[in-house]
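Here's a short tour for anyone meeting this structure for the first time. Have a look at the picture, then read on for a few spots worth finding.

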Number of protein chains: 2
Amino acid sequence: MPVIFRVNMNDLTVRSEQADQTYRGLGGRSLTSAIIAREVPPTCHPLSVENRLVLAPGILTGTGAPCSGRLSAGAKSPLTRTIKEANSGGMAAIHLSTCGVQAIVIEGQPEPGMHYRLLVTAEGVTIQPVEDLAGLGNYDTVARQHQQFGESVSCISIGQAGEMRLPAASIAVTDIEGRPTRHCGRGGLGAVMGAKGIKVIVVDPAGGKRPRPADNQTFKQGVERFNAALMGHPLSGEALPKFGTNALANVLNAAGGYPTRNFREGTFERVEPISGEHQHDVIVERGGKIAHACHRGCTIRCSRIYVDENGQFVTKGPEYETIWSHGANCGIDDLDAIARMDRMDDDLGLDTIETGATIAVAMEAGVIPFGDAEGAIGLLEEVRRGTPMGRLIGSGAEILGKAFGQVRVPVVKGQAIPAYDPRAVQGIGVTYATSTQGADHTAGYAVAQNVLGVGGKVDPLDPQGQAELSRNLQIATTAIDATGMCLFIAFAVLDDPNTMQGICEMLSGYLGRPMDAEEFLSLGRKTLACERAFNRAAGFGAVDDRLPGFFQTEKLSPHNVTFQVTDQQLDSVLADLD
Amino acid sequence: MPVIFRVNMNDLTVRSEQADQTYRGLGGRSLTSAIIAREVPPTCHPLSVENRLVLAPGILTGTGAPCSGRLSAGAKSPLTRTIKEANSGGMAAIHLSTCGVQAIVIEGQPEPGMHYRLLVTAEGVTIQPVEDLAGLGNYDTVARQHQQFGESVSCISIGQAGEMRLPAASIAVTDIEGRPTRHCGRGGLGAVMGAKGIKVIVVDPAGGKRPRPADNQTFKQGVERFNAALMGHPLSGEALPKFGTNALANVLNAAGGYPTRNFREGTFERVEPISGEHQHDVIVERGGKIAHACHRGCTIRCSRIYVDENGQFVTKGPEYETIWSHGANCGIDDLDAIARMDRMDDDLGLDTIETGATIAVAMEAGVIPFGDAEGAIGLLEEVRRGTPMGRLIGSGAEILGKAFGQVRVPVVKGQAIPAYDPRAVQGIGVTYATSTQGADHTAGYAVAQNVLGVGGKVDPLDPQGQAELSRNLQIATTAIDATGMCLFIAFAVLDDPNTMQGICEMLSGYLGRPMDAEEFLSLGRKTLACERAFNRAAGFGAVDDRLPGFFQTEKLSPHNVTFQVTDQQLDSVLADLD
């Protein structure tokens, strides 16, 4: 049975326990949210001793189920003040699972200014002081861990942003190559890790055992069915490996839903140089790598390795969201500059979506002009130096917007809206507004039906049907987030019934008892309900499930549309889960 | 009948109207809150075109009722996001009343970057462009108005902070000498004025007529009774004229409720050089002025004129709250440095409470050390220059605290807690938590009974009885805020029944119909109810009526107490008004 480790940073002790009835069988988001909802006072300060940081692999992580290597991090968010789960690829979740870890729950707080490492092995968890790592970026931090512990360990770490407890700080996770390129990005969970005094968690799988299915035959059958469905889908089988997530740039731009210059327009006239197609050509020409997997067992391989003109590694991807947030959203069309910013964000430990959105609001305020790539890079340098401007950039769009007296600040519950304009893609607007997580496209990706024609077609400009669409997606997504599987399996889930059947077979085979789709989805509903209850107790209500006013008043080109979904429709989305 | 002027900044037009049934007979806070609650969407962005700024003299302002010259400003607050009323002394309210103005309602927004003056005369209101005033502080702004319009006009203006739309920006009101020393300080209403593009409102009373009581005999009888009670009370008759508001420093320090170094201690070991007694001696020795009235008709005269060693004017007061916020709360014991900061705050147009509290949080974060007066002055210089650090200082304690990852941030609903530690003065803690305005000592000044022994005695360390005490004070205060009378009349109200009788006689005489204390207090209840309804619709609920967690967990020296009033008691305070 996997173990829950309780790391007490008050007295620097560790104890382990078996999951009780509430936590038994849970993983990923279903476990992080259950723990936060039960153990953290909803009104506490997110950086206080009362908050907890939970790290949990998914239920299927480490089993060999394809694309199941995601690590969930959970806490009360310093950015949104809601409950928060952010998950990441990379190798750490598989290694944690191999070490027999169901979750690590980090509690309490050490003396201010202290920095610690958690070393996780098959033997357990130890706490070690690491003052020499203070102030380092993620790249230097993990390099030192690999020097000390070897290349086969994985790292979960924070950069300067997390140490500064900035509200947009991420938690980095190393990829197959041991680089800190994968992040639990959203909601400032890196600041919670910083407040707990944890600089890095090193996970050494040596001597551990990967979890074995109880019924290997059923499990294997599920794996095959599932993977065949994944590979047979045009997105997960073709577009994502070839062009990566940034295949979406041209698609969203054509749909008029590619937010440009802080959501002033729906198309970017200079999209071509930052498109997935162009990115593909640049990477191939320079000898980078496409179809790169961020963790072992990923068969989609949407990651890529981006190199400079001399073929030297710069960063992974960059991903669609990052290229948008630092690109079109800032009026920037320089892919190399965007890749540099992605690298800086990863090194500083900053959510790339929040950071790009914040720079765009700074541009709106006149700090630097739209399109000024070098100026934007300069703002990230300020984060590294910890200047007041750097702290504002690392605090997210809402806080910077307040300090600069701005009205056009695209956030929900304090979290920046990602790369799909809710006026041109009304279904995703419903998800932004009603998610328990603040604005989050991954919480219920209605772009699939609204734009991609996956899972059917729902007119993106028509407010009707979007509430139900978002609701169903939010429930299914929350269930997927429990398994450790990547959200990109969802395209196949939506289009090919074999995918869900494969998931159920893998779960049934692994657990050694039947699990059907209904039980699977009920896990999503239950998790959403506990998240909503936490948020309700933290003071969130219906008026928080709204988009900023300008989406209702400013028409977006080229369709000249506003967000039309009514408050009543928004309130209907998840109401029955309360 | 006085007139409501509607100033439309969208199309730069002005129209006037008689109050309808809802607004008829209202003034001060009762009018500003009624207008905001009815006309402003509760969830709108405070700096958006949908917000309105209302300026209103009190019901008795201009009548000759003693101490009735306060100007109420109302809007949705950029700082607290609640409904907000902040009132100020100075001459503008009397002049508005003389011009026949019941209220000025500023609606809409001009093109960004435009600056306008409203000129109010007995003939009406005109809008004039004033690009030459852009970027000026309040002192230069009003000096230019006096050059242009003569010494007898009064001004309502914003400094650089309001132009920058900073959340802690105040609205300045000129005093008898025409200096911008009196402020609608709290809640960032200067930022709303800045968002409306109004740099200054010049009020020229020439040719106007002060309102006359319908029943002059009853009115005069009330004036005499009221004033005799005021002058007979040891606080309003003796302590306040002689030592000013800062008479409280030694008193609160002795009570262990004088928040020191960002609320880390309840006594300041260096209180003597910043006490009211020392301040009195410095002012008298240097040839300044004690017992100074901030507006004509004030018989308490708690203001003073603070001069430098050469006898040159520096600033008014400074007041108790200012000396505390920039003094003990920052570990600073240099009265001259504090006076310079008060002058800078007044010139920049910043709430002195919020600003001092924000500097103290910056000190907590290590930006400058506690006690560093020159460093604190340097931070205010940054506000003038509009640097990122300056914007953070002008954004208030909560935002700066988030950008610097701080937990010990003493705010309620985003507004800084003033100069009475709620652990040592539990009654005022109830007011901070439950006020419709965010943390605000003037909303229900339980310090009177808790510490001063005015209106009876309620043990400041005992949580029992504080909820009811705060409730009654909040209702009475809200009623007083409708009249235009200064809150310092409340000491006499609490101790001498003649005071309330005098108020009722003045109101009855002025209105020409009987008004008793019950009707007077019902005005307070009604206003509070409409404010609470607005806040509820804006998303505020019971969990927002709480103090920050550290007041419940950190014991305050010297009494070693935490805040003990229960959530249930807090929820009982104003619940029946909903």
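Let's start with a helix. This is a predicted model, and helix 11 of chain A, residues 335–348, makes a handy first check: with 14 residues at 1.5 Å a residue, helix 11 should span 20 Å, and because its end C-alpha atoms are 20 Å apart, the two values agree.

Is that helix buried or exposed? Twelve of the 14 residues of helix 11 of chain A are buried, so the helix is largely enclosed by the rest of the structure. The buried residues include Leu335(A), Ile338(A), Met341(A) and Leu348(A), and Arg340(A), Asp342(A), Arg343(A), Asp345(A), Asp346(A) and Asp347(A) are on the buried list too. Right after helix 11 of chain A comes Gly349(A), with a positive phi near 80 degrees.

Now zoom out to the domains. In chain A, the domain assignment gives domain 1 (3–203), domain 2 (214–243 + 422–536 + 545–578) and domain 3 (259–419). Domain 1 and domain 3 of chain A have their C-alpha centres 24 Å apart, and their contact takes 38 residues from domain 1 of chain A and 32 residues from domain 3 of chain A. On the domain 1 side of that contact, helix 3 (138–149), helix 4 (160–163) and strand 11 (182–184) of chain A each supply at least two residues. The largest share there, three residues, comes from helix 4 of chain A.

The two chains meet as well: 28 residues of chain B are in contact with 28 residues of chain A. On the chain B side, helix 14 (388–393) and helix 15 (397–403) of chain B each give two or more residues, and helix 14 of chain B gives the most, with four residues.

What are these two contact sides made of? Here they are by class:

| Side | Nonpolar | Polar | Charged |
|---|---|---|---|
| Domain 1 of chain A, touching domain 3 of chain A | 16 residues | 18 residues | four residues |
| Chain B, touching chain A | 15 residues | eight residues | five residues |

Finally, the core. Which residues touch the most other members of the largest nonpolar core? Out of its 368 residues, they are Val54(A), Ala103(A), Val120(A), Val54(B), Ala103(B) and Ile489(B). Take Ala103(B) as an example: leaving aside residues up to four places away in sequence, Ala103(B) touches Ile4(B), Leu31(B), Ile35(B), Val54(B), Leu55(B) and Ala56(B).

Definitions and conventions:
Residues are numbered from 1 along each chain as its sequence is written. Chains are lettered from A and ligands numbered from 1 in the order in which they are written. This is a predicted model: local features need pLDDT of at least 70, side-chain atom pairs count only at pLDDT 80 or more; totals for chains, interfaces and linings use all residues. Domain bounds come from an automatic or database domain assignment. Two residues are in contact if their C-beta atoms, placed from the backbone, lie within 7 Å. Ala, Val, Leu, Ile, Met, Phe, Trp, Tyr, Cys and Pro count as nonpolar, Asp, Glu, Lys and Arg as charged, and the others, Gly among them, as polar. The expected span of a helix is 1.5 Å times one less than its number of residues. A residue is buried if 20 or more other C-beta atoms lie within 10 Å of its own, exposed if 12 or fewer, and partly exposed in between; C-beta atoms are placed from the backbone. A nonpolar core is a set of buried Ala, Val, Leu, Ile, Met, Phe, Trp, Tyr and Cys residues joined through C-beta atoms within 7 Å.
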